[in-house]
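Let's take a walk through the aromatic rings in this one. Have the structure open and follow along.

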Amino acid sequence: MIADLRALEPPQLESFTNSLVEQVVAAVTDKISHLESSLAVAELTVALHYVLNTPEDVLVWDVGHQGYIHKALTGRMEELVNMRKPGGLSGFLKRDESPYDFFGAGHASTSISALAGVCLADQVSGKSRQRVAVIGDGSLTGGQSFEALNHLGSLGADALVIINDNEGSIDATIGALHHQQSYGTYVQSLGWQYTFLEQGNDVRALVEALQHVLAQPGPQTLHIKTKRPDLSPPKSYKPGTTFQWWAAETMGVVLEKNLDIQLLSPAMFAGSGFGPLRELYPNRLIDTGINEAHTVSTAAGIVAAGGKAWVHIYSTFLQRAFDQLIHDVALQHLPVVFLVDRAGVVGSDGPTHHGVFDGDFLMNIPGATVWNPRNGNELQGMLLEAAARTLEGPLFIRYPKSRTEGGTPKDFVAYEWLQKSEGSSLWLSTGALSDLIKKGQNHLHLGQNWPFSADFSSILSDFEEIHVFEESTGFGGLAGAVSALMAELDHPGKCITHKLPLEFIEHGPRLELLREHGFNNFL
């Protein structure tokens, strides 16, 4: 399709783009919000591949939400129908999927840094080619984009950054840079030349603008205005069906009873079920933009100033604020409550979004408390307990993207026997796995993953064989802590670990992925 595109005359580009859009819309039925983002840059995608000699020229996309038209245009049109399904295309850019996907993207604000790396590599090798990154206005709220613009702007290399301004990412774009539309002043202060194009959905105007800026030496920015179509039905939060629904429902109760609590999120309220609460508490639900490190440090600042801060954040994005968790929150003994959404395998979003690492690293933070509810009832009880309890450090409440029951908040307990008999084998599980795995003769669910309760050692001493089940990867986590405790106690028994493998797990239905990666005999 690329060859067909490059054989066209400019007057034919609009018709080509319209036909391409129709085919993509017909093929894509999943993740409509990503489709909308891609359609907003349909004309830009066509213009870029028309002007550039990709894949020899470098084209880097930020996040990957904008990549569906790009995928279709680069030989993957027929595969779009199976995108985000087992064995199908990724919903994001992926290097091993196509030579046209120069740099993988699942998280935001990384494209300009990657572009800087390309410029530095080409400087050493002497390679001459066009180098372009496309970043959305929402991704510019991430601090890494500033760091990259500041660095690359000082190198003097020929590079182009396209700012796709469609006034929204998953949530509406926030921040002074966007509200004041001061992009030109901003990038020029960092050493970049600035060009603005209002007609960001005019393919011929885009071709002319691209040809112009690419002919200019040094770091260039092209700021374009685009319009994202609205294909999504109104947000519907079906009552009582998911962990996300029960988290939002209970958070409403917490906010009503605790007028001093503020809830922060790095641009994830809409995807989490918290959307309706923003209308009820507009001054207490604070969207900070796509900037996880800033969000966590801001929450720490609120608590240091005498306030109460909770943070809603996806597990995979919490990884981006690990330093702030340690230095700004835990080291200062600040009681910030974290609602760690999408903990565990998330399904069709795939390896960039599976929340399988925080289960290990959170337990290594001094003073941290980690809770893993097994269902909506326990999640409700945990949120209410967190609001009522006097904390001495950070508390992490981890819950998966999954269906669950709820409606009857369960009083908080550190652990719960789901089944007990006279056997010598103990099944020890935590989180939603506790309600999924077949019950062993003795099955203990840990609602509090860390620290262990005072009587946990005596519980272990009653069993000869201990099976530990957790929906995470790595050598630490609950299994590592249990093994370490058994060694400390000189426990003569055997600890058998059941975890996800130490590998990047591809996309697919959550339960299917769990069965394929270590839990098939237990679900």
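Phe504 is exposed, because its relative accessible area is 63% and the cut-off for exposed is over 50%. Keep in mind that you're looking at a predicted model. Phe504 has a ring partner, Phe357, which comes in at 29% relative accessibility and so counts as partly exposed.

How do those two rings meet? The whole structure holds 13 aromatic pairs. In the one made by Phe357 and Phe504, the planes sit at 65 degrees and the centres are 6.3 Å apart, so this pair is edge-to-face. Along the chain, the two partners are 147 residues apart, so to speak a link between distant parts. Phe357 lies in the loop between strand S9 (337-341) and helix H16 (358-361), while Phe504 belongs to the loop between strand S17 (494-498) and helix H21 (510-519).

Now swing over to Phe469 and Phe522. Their rings also make an edge-to-face pair, with 5.0 Å from centre to centre and 75 degrees between the planes. Here too, distant parts of the chain are linked: Phe469 is in strand S16 (residues 465-469), Phe522 is in the segment after H21, and 53 residues separate them. Both Phe469 and Phe522 are buried. They don't form a cluster on their own, either: Trp427 joins Phe469 and Phe522 in one aromatic cluster.

Rings can have charged company as well. Look at Trp417, where the charged end of Lys420 sits over the ring, 4.6 Å from its centre. Phe102 has the charged end of Arg95 over its ring, 6.0 Å from the centre.

Definitions and conventions: Residues numbered from 1 in each chain as written. Predicted model: local features only at pLDDT ≥ 70, side-chain atom pairs only at ≥ 80, totals over all residues. Heavy atoms only, no water. Phe/Tyr/Trp six-rings, centres within 6.5 Å; stacked < 30°, edge-to-face > 60°. Helix = DSSP H or I, 4+ residues; strand = E, 2+ residues; numbered from the N terminus. Buried < 20%, exposed > 50% of the residue type's maximum accessible area, 1.4 Å probe, protein only. Lys NZ or Arg CZ within 6 Å of the ring centre and 35° of its normal.
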